[in-house]
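Visitor: Could you take me in close to one part of this model and then connect it to some other spots? I am new to this, so please explain the terms as we go.

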Amino acid sequence: MTARDTTMAQALNSALRDALSADERVVVFGEDVGRLGGVFRVTDGLSDAYGDRRCFDTPVSEAGIAGLAVGLAMAGWRPVVEMQFDAFAYPAFEQIASHMAKMRNRTRGALALPVVVRIPYGGDIGGVEHHSDSSEAYYAHTAGLKVVTPATAADAYSLLRAAIDDPDPVIFLEPKSRYWTKEPLELPVRTEPFGTAALRRPGRDVTLVAYGPSVAVALEAARRAAHQGIDVEVLDLRTLVPLDDHALSASVRRTGRCLVVHEAQGFAGVGAEIAARVQERCFDALRAPVLRVTGLDIPYPPPLLEGAHLPGVGRVLDGLRRLLPAGGPVRGIRPEVAATDVGAGAGETARAAAVSVGTFHLPDLGEGLAEAEVLEWQVAVGDEVTHDQTVVEVETSKSVVTLPSPFAGTVTALHCDSGEIVKVGGPLLSVSRAPSENSPAEESTGRSGAVLTGYGTGAGAGLGRTATPGSPPRTGGSTDPLRPEPRQPGTRIPMDAAAEKFLRAHRDIPAVTIWADADATGLLAARAARDTGVLPLLTRSCLDGLAAFPALNARVDADRAEIVRMPQVHLGFAAQTDHGLVVPVLRDADRLPFDALAAELRRLTDLARRGALPAEHRTGGTFTLNNYGVLDVDGATPIINHPQTALLGVGRLLDRPWAVDGRVEVRKVVQLSLTFDHRVCDGGTAAGFLRHVVEDITSGRCGGA
C-alpha cells in the first residue's frame, strides 16, 4: 500500500473501522454518530458497515451516554463514545470523574474500565458558545484518567487504536481545527505508545512545548524564528497523562529555555504543571524563566475576537524573544521579509524592507468545508483597512460568513471576483503595510475571526438497540410470530445550504410585513399591449419603486452599526424549476431598458430551469421579487433573503368584487406584500414604496414600460 494524503478525520474513521473489525466487543455510540456520521463525519459509514448494534445514536443526554459506557465496560464491552463538542461533555463530568476514573481503585483493581471518550475540542473554527473550549486540564487533574491529544493524522490513528485497546478509561481529545489538514499517510500505522512525546523539530536555543492544535502554531513560529537566527526545538507531548517527563527534561536541558503553548486559559492550565515540572527537574540548566503563551483568562469569545484570544504565531514569537538575552536572537539575525512578488530584483528589496505585503487566504471554515463562494466585497483596491475590519462576505454550504482582515494597511489586490468559488487556502486579497504597523495579532497563521458560526446536526437522533453483553449480536429478523418486526428508522434528509440562511434571517432581521390588494386590470392591459409576460411588467414597477424609495435597496453592516445603501439594483426573482424554487439574480437591473430587461429575465429563467445558472447570477442580490402566484397562493409573509433588507411578494390573480366609480364589478385582483427590515426604514417609507407599485399596476404604467 502506498501513502496517500489523509486527513485527521479520515485517520480517526479508519482507526474506528479497524477496531470494530478486530474486536467484536468494541461499540461506538453518541449523538448523531450513526446515520449522520457525526458532526465532523468521523464516524461516517460505520453504522452502514457494522450495523446499528455496533454504531448507534443516543438521546441528547451526555450523562446518560457516559453512564451507559460505564455499564457496558463493566459488562465486558469496549465502548467508544463521542461527546460531539468539548463543552457538551460537562453534563457527563460527574459520571467521568466519579465513576470512570475511580472504578479500578474502588474495586481494588478487580474491575478494569476500557472506555474511550472522544471529545472534539479547541477553537479556531469560529464556533458559537459552548463549541470551542479547551477542557484538558479538568481531565488531566482527575486521577484515574488517561488524557490523549493527537496533532497529526498518524498519531490520530495510532493513539486511538491504543486508547481502544487500553484497559483504563481514556479521554481522547481531538483538535477540531486539525480535522481536515492532510498529510501523506499509509494506514494502518503505529507510532509511539502512550507516555511518549514526539520531537517535531530539533533545536538548540529554546524548547517550545505544545500539544494538540497548538503544535502547528508552534512549528510555524519555529520556522519564522529561524529567519531571525533563533533555533527552536518543538516538542509535541501527544499524551498529557501519562506525561513524558524524560523527553521534556532532556529537551529543556539541551536548550536551557522553555516556552509552553496551549489554547486553554493560562491560570491553572496544563502549561502551569509543565512549568512547575521543568523548574523542579531542570532548575540548574535553565537560563531564563519558563514562560507560557495561552488563551486569555476569559470565557471563550465570539468568533470575531477568536484570533486575539488564541495563542497565534505572533504571540509565540514574542514569547520566544522574551526568553533570549536582551530580547534578541542568539545568533545573527536574518530579517524575515514579508510576502513580495517572486522574482523581485535587487531594486525591489529596499522597497520590501519599508513596505510588506500580506495576503489573506480563505481560512478553514470548519466542519470539513473545502470552499466558499464570494458574495460581495466590502472593500476595493486602494482602500485603507484596519485590523479585523470586515472585507468580504462569502457563502458556504452551511451559512453566509463575513470575513475580517487579519492585516491593517492599503488593499493592493483582490484575487477573486464576486460569484467566484474559492478553495480553503486560496488567496482573497493582499494588503500593503508598513513594518511599524505589523502587530503580533497580524502575524498569526492566517487566522480570521469570522468563520462558521453554527452547526447543523440533522434531525433528532433515534436510540439504537444494543446486544446483550456477552452474547453475539443478532443479525437476522425475529422468528417469533407474536413479536412484531421492528419499524425501520425514519428517513434522514440533509438540510441544504438555504436552511441555515433562513434561520439566520429569521433570527437576525427585525422583519415587518405589510400588504395591499391591487386591481390588476391595467397590468393585464399592459401585458396585452406590449405582448409580454407579467413578470417583466412587475419587475419594471418594482425598479421604479426602488428608484423613488432607495432606502429599501440596502444592507445592514451590524459590525459597524451602519446601513449601506447600494448604488445598483441586483434584482433576485423567483423561478419555479423541476428541482425546486431558484432565485436568479439579474445584475444591474435598474440600468436596463424594458425590452432588454424582459429578455434577460427569460434568459436567466431558462438557465435556472436547465440547472445551468452561472455563479454570478446565483448570489449578490440587493432586493428580491417573489411571484408566488405561480404556486397558486394568494399571499405570504416570506423570510427576507439575507443579507438583503426587503422582498416584494406577488400573489395569484383572482376574480373578486371590486368597487369602481361607485359600483361593484368583478375584477382581476392581486395581493402585494412587502417584507422589510425595520432597521433600514420606518413604516411610512415602506408603505410609500408599496403604494407606488400598486398605483403602477393599477394604472398600467408599470414603471413607464
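**A sheet, strand by strand**

Guide: Let's start with one pair of residues: Y121 has P175 in β7 as its bridge partner. These two belong to a parallel pairing, in which strand β5 (residues 116-121) and strand β7 (residues 170-175) are joined over 6 bridges. Two strands count as paired if DSSP finds at least two bridges between them. Strands (E, at least two residues) and helices (H or I, at least four) are DSSP runs, numbered from the N terminus. Before we go on, please remember that this is a predicted model, where local features need pLDDT of at least 70 and side-chain atom pairs count only at pLDDT 80 or more, while totals for chains, interfaces and linings use all residues. Residues are numbered from 1 along each chain as its sequence is written, and side-chain values use heavy atoms, with hydrogens and water left out.

Now step back to see the whole sheet. It is open and has 7 strands, in the order β3-β2-β4-β5-β7-β6-β12, with mixed pairing. At the edges stand β3 (55-57) and β12 (239-241); each has a single partner strand, so one side of each lacks a neighbour in the sheet. From one strand to the next, the twist averages 20 degrees. Helix α7 (residues 153-165) packs on this sheet, touching β2 (26-30), β4 (78-82), β5, β6 (146-148), β7 and β12, and its direction makes about 160 degrees with that of β7. Such angles run from 0 to 180 degrees between N-to-C directions, with axes fitted to C-alpha atoms, for helices over the stretch in contact. Contact means heavy atoms within 4.5 Å.

There is another open sheet to set beside it. Its 4 strands run in the order β15-β22-β20-β17, and the pairing is antiparallel. Here β15 (356-361) and β17 (384-385) are the edge strands, and each has one side without a neighbour because it has a single partner. The partner of β17 is β20 (residues 409-414), paired in the antiparallel sense over 2 bridges. There, V385 stands opposite G409.

Next, a helix: in α12 (residues 313-323), the buried residues are V313, G314, V316, L317, G319, L320 and L323. Buried means under 20% relative accessible area, exposed is over 50%, and partly exposed lies in between (1.4 Å probe, protein chains only). These buried residues pack against β10 (206-210), α8 (214-226), β11 (232-236), β13 (258-265) and β14 (291-295).

Let's finish with two single residues. T619 is in the loop between α17 (594-609) and β30 (623-627), and counts as buried because its relative accessibility is 9%. Its side chain makes a polar contact of 2.9 Å with the side chain of E373. A polar contact is a pair of N or O atoms within 3.5 Å; within protein, one must be able to donate a hydrogen and the other to accept it, and residues adjacent in sequence count only if both atoms are side-chain atoms.

K668, in strand β33 (residues 663-677), is partly exposed, with a relative accessible area of 32%. A polar contact of 3.3 Å joins its side chain to that of D655.
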